[in-house]
Every structure is written in C-alpha cells, then in structure tokens.
Amino acid sequence: MILEGPMSSSLPVFDTTVQETNAWLKVIAHELEPCDRHQAYLGARATLHALRDRLAPDPAMNFAAQLPMLMRGVFTEGWRLSQTPTLERDVDAFLARIEAALPPDFPIETENLARGVLRGLTDLMDHDLLVKVLRQLPLPLRSLWPQALATL
C-alpha cells in the first residue's frame with residue numbers, strides 16, 4: 001500500500017472523517033480539561049453508548065446522522081437494537097452505565113465527564129435536533145445537558 005502522506009488513506013472521505021473526528025474530540029477534550037484526546041475518546045464513547053441505548057432506534061439514528069462518519073461507527077458499535085431503549089430514568093443509573101464502560105482508573109468523575117461530553121456535542125450539533133433528542137429522554141436525564149437545552 002502506498003500512502004500519499006504521513007497519515008493519508010488515499011481515500012478523501014476517510015481522511016476527512018478522521019480530521020472531523022479529531023476536531024470533535026478536541027472540542028470534547030477542551031470541555032473535560034485537563035484531558036487528553038484519548039481520554040476524550042473513551043469518555044465520548046461511553047457517554048454516546050449510554051445515550052444511544054437510552055433512545056429508541058429512530059431518534060438514536062437521527063442523532064447519529066449529525067456525527068462525523070467515524071464517530072457514527074463508534075456510536076453504533078456493539079448496539080443491540082432489541083435491547084433499547086433501556087429503562088434508566090434517573091441520573092445515577094445513567095451515570096453508572098457510563099462508568100461501567102470506562103477503565104477503572106479513569107481520571108474524570110463520571111458526572112463531570114457526561115456533562116462535558118454533552119456540552120461539547122451541544123456546541124457541535126444542530127440545536128433543533130438536540131431538542132428533539134432531549135424530548136425523548138426522561139426529565140432527570142435532561143439535566144445533564146447544558147441548561148439552555150435541558151429546560152426545553
């Protein structure tokens with residue numbers, strides 16, 4: 001295989017999604033400071049999976065459509081449609097789902113992690129779509145999102 005550059009796949013669509021995903025992870029890492037991009041990835045993955053599993057399939061896929069292609073793959077990785085939506089109605093149960101997907105020594109407290117990832121996503125995604133997604137969640141879980149969205 002001949003590479004066109006130091007990290008090129010020679011397929012522009014793949015190169016673009018890697019660049020977009022890195023930009024999204026940079027925003028999320030900034031929300032989680034001090035945090036590196038790998039920690040941002042692990043936190044985003046755990047939070048996205050918990051969110052995905054709490055949503056019905058159609059709203060989850062509408063949400064995923066806003067993500068860069070690579071992050072859509074992360075979002076759908078391991079998804080068992082027949083087991084969704086899960087029944088978490090309170091913040092503690094939702095956070096426990098996120099924490100279970102993280103390494104035991106993860107350096108960021110789970111609630112701060114979830115709030116930071118969701119703040120980053122709010123900055124990057126379409127506001128109207130996020131409002132539609134939030135309306136699918138129980139009221140207590142909406143409190144994890146930035147206040148401007150959580151009250152809608």
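Pro 85 sits in the loop between α4 and α5, and the peptide bond that leads into this proline from Thr 84 is cis, with omega near 0°. Keep in mind as you look around that this is a predicted model. A second cis bond can be found elsewhere in the chain: the one from Glu 33 to Pro 34, with omega near -5°. Pro 34 belongs to the loop between α1 (12–31) and α2.

Let's stay with the loop between α4 and α5 for a moment, since Glu 88 is found there too. Is Glu 88 buried or exposed? With a relative accessibility of 10%, Glu 88 counts as buried, because the cut-off for buried is under 20%. If you set aside the neighbours within four places in sequence, Glu 88 is in contact with Arg 54, Ala 93, Phe 94, Arg 97, Pro 138 and Leu 141. Leu 141 is worth finding on the model: 53 residues separate Glu 88 and Leu 141 along the chain, and their C-alpha atoms are 8.6 Å apart.

Now turn to the aromatic rings. The structure holds 2 aromatic pairs. A pair of aromatic rings is described by the distance of the centres and the angle of the planes. For Phe 63 and Phe 75, the ring centres are 5.6 Å apart and the planes lie at 35°, so this pair is tilted. The two partners come from distant parts of the chain, with Phe 63 in helix α3 and Phe 75 in helix α4 (residues 69–76), 12 residues apart. Phe 63 has a relative accessible area of 0% and is buried; Phe 75 is likewise buried, also at 0%.

Phe 75 has another ring partner, Trp 79, and this pair is edge-to-face, at 6.2 Å centre to centre with 70° between the planes. Both Phe 75 and Trp 79 are buried. Put together, the ring pairs link Phe 63, Phe 75 and Trp 79 into a cluster.

Phe 75 also leads us to helix α2 (residues 37–54), where His 49 lies. Leaving out neighbours within four places in sequence, His 49 is in contact with Val 74, Phe 75 and Glu 77. The relative accessible area of His 49 is 13%, so this residue is buried.

Phe 63 opens a different route, towards helix α7. The axes of helix α3 (residues 57–64) and helix α7 (residues 127–134) come within 10 Å and cross at roughly 155°. That angle makes α3 roughly antiparallel to α7, because angles over 145 degrees count that way. The crossing of the two helices is left-handed. Which residues of α3 and α7 make the contact? On the α3 side they are Pro 59, Asn 62 and Phe 63, and on the α7 side Leu 129, Leu 130 and Val 133. Sorted by class, this contact has 5 nonpolar residues, 1 polar residue and no charged ones.

For a last stop, look at Ala 101, in the loop between α5 (91–100) and α6 (110–124). Its relative accessibility is 40%, so Ala 101 counts as partly exposed, whereas Phe 63 is buried. Ala 101 and Phe 63 are 38 residues apart in sequence, and the distance between their C-alpha atoms is 21 Å.

Methods
Residues numbered from 1 in each chain as written. Predicted model: local features only at pLDDT ≥ 70, side-chain atom pairs only at ≥ 80, totals over all residues. Heavy atoms only, no water. Axes fitted to C-alpha atoms, helices over the stretch in contact; angles between N-to-C directions. Helix = DSSP H or I, 4+ residues; strand = E, 2+ residues; numbered from the N terminus. Parallel < 35°, antiparallel > 145°, perpendicular 65-115°, else oblique. Left-handed = near helix turned anticlockwise from the far one by under 90°. Contact = heavy atoms within 4.5 Å. Nonpolar A, V, L, I, M, F, W, Y, C, P; charged D, E, K, R; others polar. Phe/Tyr/Trp six-rings, centres within 6.5 Å; stacked < 30°, edge-to-face > 60°. Buried < 20%, exposed > 50% of the residue type's maximum accessible area, 1.4 Å probe, protein only.
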